[in-house]
Amino acid sequence: MNKPQPPFHCLGMERTTRFLCDAQMLNLMADGLPGIVAYYDVDLVCHFVNATIEAWTGAPPSAFLNRRLNEADRDFG
């Protein structure tokens, strides 16, 4: 017996929810690592940096997020 399929828009929402859940889990895992984990796109703009960055540099993650690699906010204090 075939299981009824939800409407198409529900399938998309289910995938999106699953993706967001996986992304949150990866962020939590990355924050627990002792090394720096960062994601820069092809334009060298930072989209993710784990919490370890603060221990290594003294700067909060916000000093790096949405900035190009050479434009990190160096005024940490």
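Strands are DSSP runs of E with at least two residues, numbered from the N terminus. Strand 1 of this predicted model covers residues 38-40 and includes Tyr-40.

The protein contains 2 helices and 2 strands. Along the sequence, these elements follow the pattern α-β-β-α. Of the 77 residues, 16% count as buried. The accessible surface comes to about 6,200 Å². Carbon and sulfur atoms account for 62% of that surface. Among contacts between residues at least 6 apart in sequence, 9% join residues at least 24 apart.

The two strands were examined next. Strand 1 and strand 2 run antiparallel and are joined by 3 bridges. Tyr-39 has Phe-48 of strand 2 as its bridge partner. The hairpin formed by the two strands has 5 residues between them. Leu-44 lies in this loop between strand 1 and strand 2. Its phi is positive, at about 60°, although Leu-44 is not a glycine. Leu-44 counts as partly exposed because its relative accessibility is 38%, a value between the 20% and 50% cut-offs.

Tyr-40 closes the account of strand 1. At 27% relative accessibility, Tyr-40 counts as partly exposed. Not counting residues up to four places away in sequence, Tyr-40 touches Val-45, Cys-46, Phe-64, Arg-67 and Leu-69. One of these partners, Arg-67, is 27 residues from Tyr-40 in sequence. The C-alpha atoms of Tyr-40 and Arg-67 are 9.3 Å apart in space.

Asn-50 follows strand 2. This residue is found in the loop between strand 2 (46-49) and helix 2 (52-57). Asn-50 counts as buried because its relative accessibility is 0%. A polar atom of the Asn-50 side chain lies 2.9 Å from the backbone oxygen of Gly-35. Gly-35 also appears among the contacts of Asn-50, once neighbours within four places in sequence are left aside. The other residues in contact with Asn-50 on that basis are Ala-30, Asp-31, Leu-33, Ile-36, Val-37 and Pro-61. Of these, Ala-30 and Asp-31 fall within helix 1 (residues 8-31).

Helix 2 supplies two further residues with contacts in this region. Thr-52 is placed in helix 2. Thr-52 counts as buried, because its relative accessibility is 10% and the cut-off for burial is under 20%. Beyond residues up to four places away in sequence, Thr-52 touches Asp-31, Leu-33, Pro-34, Gly-35 and Ile-36.

Trp-56 is also found in helix 2. In contrast to buried Thr-52, Trp-56 counts as exposed, at 58% relative accessibility. Trp-56 touches Pro-34, Gly-35 and Ile-36, again not counting residues up to four places away in sequence. A polar atom of the Trp-56 side chain lies 3.3 Å from the backbone oxygen of Pro-34. Pro-34 and Trp-56 are 22 residues apart in sequence. Their C-alpha atoms are 9.7 Å apart in space. Gly-35 and Ile-36 thus recur as partners: both are in contact with Asn-50, both are touched by Thr-52, and both are touched by Trp-56. Two backbone oxygens in this stretch are approached by polar side-chain atoms: that of Gly-35 by Asn-50, and that of Pro-34 by Trp-56.

The segment after helix 2 contains Asn-66. Asn-66 is not a glycine, yet has a positive phi of about 60°. The same description holds for Leu-44. Asn-66 is exposed, with a relative accessible area of 61%, whereas Leu-44 counts as partly exposed.

A nonpolar surface patch was also identified. Met-25, Leu-26 and Met-29 make up this patch, which covers about 320 Å². Met-25 has its place in helix 1. At 47% relative accessibility, Met-25 counts as partly exposed, because the exposed class begins over 50%.

How values were computed. Residues numbered from 1 in each chain as written. Predicted model: local features only at pLDDT ≥ 70, side-chain atom pairs only at ≥ 80, totals over all residues. Heavy atoms only, no water. Helix = DSSP H or I, 4+ residues; strand = E, 2+ residues; numbered from the N terminus. Buried < 20%, exposed > 50% of the residue type's maximum accessible area, 1.4 Å probe, protein only. Polar contact = N/O pair within 3.5 Å; in protein donor to acceptor, adjacent residues only side chain to side chain. Contact = heavy atoms within 4.5 Å. Patch = residues over 30% accessible without salt bridge, like charges linked within 9 Å, V, L, I, M, F, W, Y side chains within 5 Å. Areas by Shrake-Rupley, 256 points an atom, 1.4 Å probe, with all protein chains shown as cover. Salt bridge = Lys/Arg side-chain N within 4 Å of Asp/Glu carboxyl O. Pairing = 2+ DSSP bridges.
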